[in-house]
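Thank you for making time this morning. I would like to walk you through one structure that may be new to you, and I will try to go slowly.

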Amino acid sequence: MTTIDTTSVPDQPSRQVVGFKPDLLQSGDHELCPGCGHPVAWRLVLDVIAELELSNNSILIAGHGCYTQMMKLSDLDSLQCLHGRAPAVATGVKRMVPDAAVFTLQGDGDMVSEGLHEVLHAAARGERVTALLFNNGVFGDTGGHLTATTVIGQRTKTSLEGREAEAHGYPIDVSKLIAQMEGTAYAARGAVNTPGMVARTKRMIRRAVELQMAGAGFTFVEVLTMCPTGWFVPTPAGPEYLEESMMETFGIGELKAPE
Amino acid sequence: MTRRLMQGSEAIADAAILSGCRFFTGYPMLPFTELLENMARKLPAAGGVCINANSEIEAVNMALGAAATGARAGTGSCGQGLALMQEGIAELALNELPLVVFNMARGQQDYFQATRGGGWGDYRTITLAPKDVPEAVAHTQLLFDLADRYRTPTILYGDYVIAHSSVGIEVERLDFDPLPAKDWALDGSMSGTGEARQIWTWARGKPNTPGPGPNQSWQTIAEKYDEIARVEPRFEAHCTEEAEILVVSFGTTAIFVDRVVDELRAEGVRIGSFRPITLWPFPGEALAQATEGCAQVLVYELNAGQMVDDVTMFAADRSAIRSIGGVSQDNSGMRQGDLLNAEEVRTRVQQAIGQPGPAVPSGRTRS
């Protein structure tokens, strides 16, 4: 596996790198928009699975959203489940195959809008899975609509003048909610808008998976990802916009971790 | 095992565990509650897992996950709870995942829900309606077999009477034909091999192992349900030889109907009864034969008229059909209302066939 140094700003323009594709991807081609943060975030997960030697012992439970692409492309035993229900499905899977590494992959619409019930109860039960939230603050797959994590002021097709609390309520900080659960062993929020953030987020994912395999309890990593299409900002402006909007609202870091 | 006095819910739990059910979950709701209680008590000792879910939606999705690993799984509910499970049941059907759903219904108003479903897509659910506890024990085992054989969710249509009746019974294992290996199940071991498995209603597959895609997959699934409809209908016909009047009923109601049919036969009335055991696939061909030459086809069901739709589709003469049942609920322990009563069945049958009232009171007498 080729390791790409992501700890500093690239010194040359992006280009196709031979061997850049992780082994756990069956194809490097995807149908996501330019500037989307999901592929970077998912790459981190696949790299961690490979590094922890879980490549032949991992199951992915994917929700419905743009990230469903990752289920289609990844060389992981996969189940595509109903919107919002991944933590419930993962519970049934993990209880029957307790030695496997079980991952759920959801977006903010999937987990926080429609599936808040399932994820909070899975955390409360301390289900030994790693739940991943790729949070871009909009329904990207439907074309940029308001979710439960859309930040105040964010323009979407269903909050045209920007999210106002009076009309649309406040965004939910789901990492904070999950971190409060006794069954949660690990909860952290990272981002993929800068190389430094990418490296930091990978460490979070690795810690979460290690704790899952140690049987510590429910493990959770939220990754803030860019969605310039859904945000209606120019593609190159995505990373900076993420920092000014979502990162400003939610913050970055570990919210709960063992000593 | 020895014959023991036990409640229907416990007998069904024993039958499920004997069938190899390893995962069970549900949200308490009478009269499904006692089945959940029994599974919670017995399944862990048998090496399985029972989870008290936080909603019926969570329950059916947990069960889906367990089923996806190849484990035999069950869940259940009734009425409004079953309504919440419908999206998940459809997902199981279109993912071709086996599951047994115990619909311990409050009466017979879940007929449409059980046989038509409320989920999306072209699917059906094999639904068995036992008339009593021994049959429920057999049906439980049969449903686990059928679920695996056809890779589909199946439903046991029980009720208060079956759930709460205590009977002396020995829960014995039934033998079935060998089943194909579950080479589709997910356990993580195919990850990283280049041929990882995928369960997805759209069936598109992965780059190395493309799937048939939705059109072909859903068509194939529909053809599977056509095959089930041909092969699996089950029914019971009682005194149908030369019958001029046929009473059609399902589940526990049929016991009361059969008693009245026996009484009237003894009195010289050429009457018989027909009971679909599989509500889906509905035994339409058998019903068509049984109703051949009948002047009257009376449908006795404890709802405002649901199974009568299926009877209408298959009876030899549609103009002979009359619904003589009705909505029947009360607050008793069995919640059966006034109509789960042989005396009431007899009165309604006699009214329908133009006979005077009963010469000899039958069934329990209402005060």
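What follows is a short tour of the contact between the chains, then of one helix, and then of a few backbone details.

Please keep in mind throughout that this is a predicted model.

Let me begin where the two chains meet, a contact that takes 32 residues from chain A and 38 residues from chain B. On the side of chain A that touches chain B, the elements that give two or more residues are β1 (58–62), α2 (68–73), β2 (77–80), α3 (86–96) and α5 (116–125). Of these, α3(A) gives the most, with eight residues. If we sort the residues on that side of chain A by character, they divide into 14 nonpolar, 12 polar and six charged.

Strand β2(A) deserves another look, since two bridges join β2(A) to strand β9 (residues 198–199) of chain B, and the two strands run parallel. Within that pairing, the bridge partner of Leu79(A) is Ile199(B) in β9(B).

Let me turn now to helix α1 of chain B, residues 8–18, which is mostly covered, with 10 of its 11 residues buried. The buried residues of α1(B) include Ile12(B), Ala13(B), Asp14(B) and Ile17(B), and Glu10(B) is also among them. After α1(B) comes Gly20(B), whose phi is positive, near 95°.

Which residues other than glycine have a positive phi? One of them is Phe232(A), with phi near 60°, and you will find Phe232(A) in the loop between α9 (228–231) and α10 (238–250) of chain A. Another is Glu242(B), with phi near 55°, placed in the loop between β12 (235–238) and β13 (245–248) of chain B. As for their surroundings, Phe232(A) counts as partly exposed because it has 14 C-beta neighbours inside 10 Å, whereas Glu242(B) has 8 such neighbours inside 10 Å and therefore counts as exposed.

Finally, I would like to point out two cis peptide bonds in chain B, one between Leu30(B) and Pro31(B) and one between Trp280(B) and Pro281(B). For the bond between Leu30(B) and Pro31(B), omega is about -5°, and Pro31(B) sits in the loop between β2 (21–26) and α2 (33–42) of chain B. For the bond between Trp280(B) and Pro281(B), omega is about 0°, and Pro281(B) lies in the loop between β15 (278–280) and α10 (284–290) of chain B.

Note on methods
Residues are numbered from 1 along each chain as its sequence is written. Chains are lettered from A and ligands numbered from 1 in the order in which they are written. This is a predicted model: local features need pLDDT of at least 70, side-chain atom pairs count only at pLDDT 80 or more; totals for chains, interfaces and linings use all residues. Helices (H or I, at least four residues) and strands (E, at least two) are DSSP runs, numbered from the N terminus. A residue is buried if 20 or more other C-beta atoms lie within 10 Å of its own, exposed if 12 or fewer, and partly exposed in between; C-beta atoms are placed from the backbone. Two residues are in contact if their C-beta atoms, placed from the backbone, lie within 7 Å. Ala, Val, Leu, Ile, Met, Phe, Trp, Tyr, Cys and Pro count as nonpolar, Asp, Glu, Lys and Arg as charged, and the others, Gly among them, as polar. Two strands pair if DSSP finds at least two bridges between them.
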